[in-house]
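Here is a friendly walk through one protein model, meant to be read with the structure open beside you. Rotate it as you go and look for each part in turn.

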Amino acid sequence: MPLDLDGAALKLVNTGLSAARHEHDRFGDGPPALRSAGIALVEEDQALRTKQFFGRAQANNAAIEAGGDVTLFADDLARGLRVDVWDERTKVWRSLCRRVGSYTFETLGQTKTIEDEGCVEPALAEAAEPPPGAPNDLYLHEALVRWEGWCLSAPRPGRVGGVDGGATPEDPDNAALTPFKLRVDFKPVAGSLPGLRFGRRFRMRARTVDPAGNSVSLETAPDLGLPTAPRAYAYLRYESIAPPILVPRAPVEQPTTPGESVDRLVLRTANTDPAKDVAVSAAIAERHVVPARVSALFAETNGALDGPNGAPRADLYAVLKEKDAGELKLDPVKGKPVEPAAQCPLPYLPDPLSRGPALRGLPGAPEGAVGRIDAAGKLVYTPDGDHPLGGPSAALLDWGVGAAWPNYQPFRIVVRDGAGPPAWDRATRVLTVFLPKGASARVPLSSFLTRDDLKLMGVWEWLREDLEGRLAKSLADLDGTEVNSVSLFAGQIAELAQLAVEGGHALLTPARKIQFIHAVQQPLGRPSWRRLTASRAGGASLATFNGELQIHGATTANIALRARWDEPVDLLSEAGPRTRANDTVVIDLRVPAPEERRFASIEEAEIKAGGLTVARYRFDDDRLVFAPGATPRHGLADTKHRVIRYKAVGTSRHREFFPPNAPGGFNRESDEFTISLPSTARPAPPRVLYILPTFGWERQTDTNLAASSRRGHGVRVWLDRPWFSSGEGEALAVLRAAGNGANEAVRPYITQVGNDPVVLGNADPTTFFFGYNGASVPGGATLPELPPGERVSVDAFPVQFDSERKLWFCDFEFDLDGVIGSTDNDDAWGAFTRLSLARYQPNALSGRELSRPVLADFVQTAPDRFAVATSDPYERGLVRLSVAGITLRGKANALGVSQVDGTDFDVTVETRRPHVDGDLGWMPAPPNLATVERDLDLPAGDPRVLWGGRITLPADRQPGQFRVVIREFESWLDDAAVAAGGATPPNRARRLIYAEALVLA
């Protein structure tokens, strides 16, 4: 048995437990390293035979005590074994138990020296602390003896492990402890031991020793060793070749190098502006690469200390002494290796079989190629031998040109910003690796060996034997006629050998996985919306998205979908409406890292949140895709309409590599994408308090032309709070009949306009309505209250808030030309209007734009009037006055008989009292200062001119000294008198319907 089987089993169990908890990367960690433990002679079922021996001994002892006879066999009289070894170099048997004993009688002060042979005796062990209730069993290993290159009957020189579990090694002390005061010390006989070296072949045999210490002598013992002659056992190395180690030039710690470790080299670029994404960074990351350490004994077993004659070289003793005690320079604060110099000296013994460092998959290196140092000292990549393995490239460097063991020369890895293949500088022993911004690479660092070194490796021998065994079985199954099988297995062996000598076989040359990261403070580029839409279902407050977002996935760890909007609110607990600013993160999406794409066939990865798929990330084109079944959900508090500005905020994947308060932050934002989210429910019906007629005035009195315009066909609707039941953009709508009329089913839900029944006219009182200040909705709308297929016309009007009355109101101006259709508009006199009002949300789902209609009270509007007073520039004392507008044609009496009637105008002139301001400062002008004369013949062809005349004033009047007061009255005839057939009765009391005062310049 050539290795430590017990330790290997325990390591394998621990590795299996670790593998169940952690996922390995693409290069694999491999099984645990084995340990060569000399050559052991093993006896199967030794524990069972020992138990049987104890049973026979107990029976024999009982028979002797009873006075009987006992027959003893050789096994009953065996004390131990003397072990011999035969090596192929000397080709003679040598005893591994020869020794020289020094026996010191301390009481007498005498020492005797005796050369003899010791023996190896069985060793039993028991549990230090047996479990409660468990039997205190004895344990016996199946290995009879293990030779590790030293005498089996003398201690190996050097310190031993601390006594009683102490951690500090101590020198062995064989002080005499008995009253006899005999001290015994043993050492091997000089020159009696063969050298235990990897690759040499040995045979072993054992001689039985009786209780008196007798055995067959070395010279007379028969040649019965294992394996039987002429075969010999090859002692091979089962330790893998450890990978080189990394030593930083400066301490690696959180405040100065956050997120970095010895095996993780971080190049940092503070790209706080998009322009810095393309600027070349001057930062570098570097490590010394140093071969792994071995002990002097291990180096000896590898044959590194032997000269040409096979004997250890005496000239290496000083080097061994120096390097066996050497240590790497340590940081005085942290106590960890650090070397600030440009080159790191090698203070200890390296592994002799580490022929150089191998780095697989360096950034910028061609795939499936091997890089070697050429004669000019450059790193040149060539195709991967006769058996291309494909996959990552391998760069095979050296430990110094001509550097013989143990004087290996470490080198330095420097990572810089940029792209291109790695470069080697022989003079400075620097390997420069170029890494673009945001890129990362996991590079296995291992040692490589030669093909001759493979002959020394025990694991390689296992692999070769396994392939040859499978080849033999394959040929046996095919009766030896299949030649392709031989070629196949030969190719597999060649590929394994090539992988091994390139440092790529985890069983022979395990790798230290180092990581190169070019960290950027902010993601490269900016998130960019390719498209984005949002939708809501009827009655739902939730919004879902459909669209695509372009990102830089390699440098973006998270994408936060941020929403901002200004929302009008009208809370009864507040004095009035206000605009509330909202800013919230809809969802924060984790972007899959590039290494999560294990295979090229994986095109996209699902992103989940709360167990739901909220997006898909496409690896090839770096897009986040929102689509049905994979969409974020924006949960809103209600069904109202909102105009929301969405922004994508990307967070750097490399945030951990910068200080938490790094200036500029770690985010990049997209442009805002504005989406109108429709209302999904009908608005609440408006709460109409009352409705009043309104007037609008426009005056001009600064020139010799004084003009006044009164628009009278308007109403104001007062509304109770609150408003915005359906969100931003909510308006007050007036519902009208669609087309030229309405049937009885629609009539209760539409606006109706009609004449005063007292006034003569031919208008249909259910005809049309139009608002000047409203927006007609194309196509109208439907109402759930209407029969199927019926629609209404909709005119939408904005509402305003009166801060004094703390009420909402809406003003309408009517165009009543369409009501009558008459050219002189006489039929529009005194029209009554009953408005059908509803809240209207233009940004709503179809069929949910209008609230339930509310019918307002009937309201009568006043007619429009236009008054113009013109001063004659050539005759300053003359002013011409005209009053225009529509008027009634006549009125009907109780019998429906037309009685021609109109309105009466009173036109007077007033003058200002001295030193009195305001309306109280005016008084009627005396006749000697002002006269009013009406023109009996109005302008022909213009039925709108209701009154015209001449006003005479002093020619030397001052501006603002006079004003013209116009009053218009409406009157009714006495219906009772007309019915009695009497004379035309006098007018009743008049009703003022228009008044205006024009100040003359």
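## A four-strand sheet

Four strands form an open sheet in the order 50-49-53-54, and their pairing is antiparallel. The edges belong to strand 50 (922-924) and strand 54 (991-999); each has a single partner strand, so one side of each has no neighbour in the sheet. From one strand to the next, the twist averages 30°. Please keep in mind that this is a predicted model.

You can zoom in on one of the pairings. Strand 49 (residues 903-912) runs antiparallel to strand 50, and 3 bridges join the two. If you would like a landmark, find Thr911: its bridge partner in strand 50 is Met923. As background, strands of a sheet pair through backbone hydrogen bonds, in either a parallel or an antiparallel way.

## Helix 2 and its two faces

Next, turn to helix 2 (residues 46-65). With 20 residues at 1.5 Å a residue, helix 2 should span 28 Å, and its end C-alpha atoms are indeed 28 Å apart, so the two values agree.

Gln46, Thr50 and Asn60 are buried in helix 2. Viewed down the helix axis, the buried residues of helix 2 fall within an arc of 85°, which means that they line one face. Those buried residues pack against strand 8 (143-147). On the face turned away from the buried side you will find the exposed residues Lys51 and Gln58. After helix 2 comes Gly67, which has a positive phi, near 85°.

## Nonpolar cores

Where do the nonpolar residues gather? The largest nonpolar core has 56 residues, and those with the most contacts inside it are Leu359, Leu362, Phe411, Ile413, Leu431 and Phe516. Apart from that core lies another, of 29 residues, with Leu561, Ala563, Ala615 and Phe619 among them. In soluble globular proteins, nonpolar side chains tend to be buried together.

Phe411 is a good residue to click on. Leaving aside residues up to four places away in sequence, Phe411 touches Arg287, His288, Val289, Gln343, Pro357, Leu359, Leu397, Trp399, Trp424, Arg429 and Leu431.

## The whole protein

Now zoom out. The protein contains 9 helices and 54 strands. Of its 1001 residues, 43% are buried. Among contacts with a separation of 6 or more, 71% are between residues 24 or more positions apart.

Note on methods. Residues are numbered from 1 along each chain as its sequence is written. This is a predicted model: local features need pLDDT of at least 70, side-chain atom pairs count only at pLDDT 80 or more; totals for chains, interfaces and linings use all residues. Side-chain values use heavy atoms; hydrogens and water are left out. A nonpolar core is a set of buried Ala, Val, Leu, Ile, Met, Phe, Trp, Tyr and Cys residues joined through side-chain atoms within 4.5 Å. Buried means under 20% relative accessible area, exposed over 50%, partly exposed in between (1.4 Å probe, protein chains only). Contact means heavy atoms within 4.5 Å. Two strands pair if DSSP finds at least two bridges between them. Axes are lines fitted to C-alpha atoms, for helices over the stretch in contact, and angles run from 0 to 180 degrees between N-to-C directions. The expected span of a helix is 1.5 Å times one less than its number of residues. The arc is that of the directions from the helix axis to the C-beta atoms.
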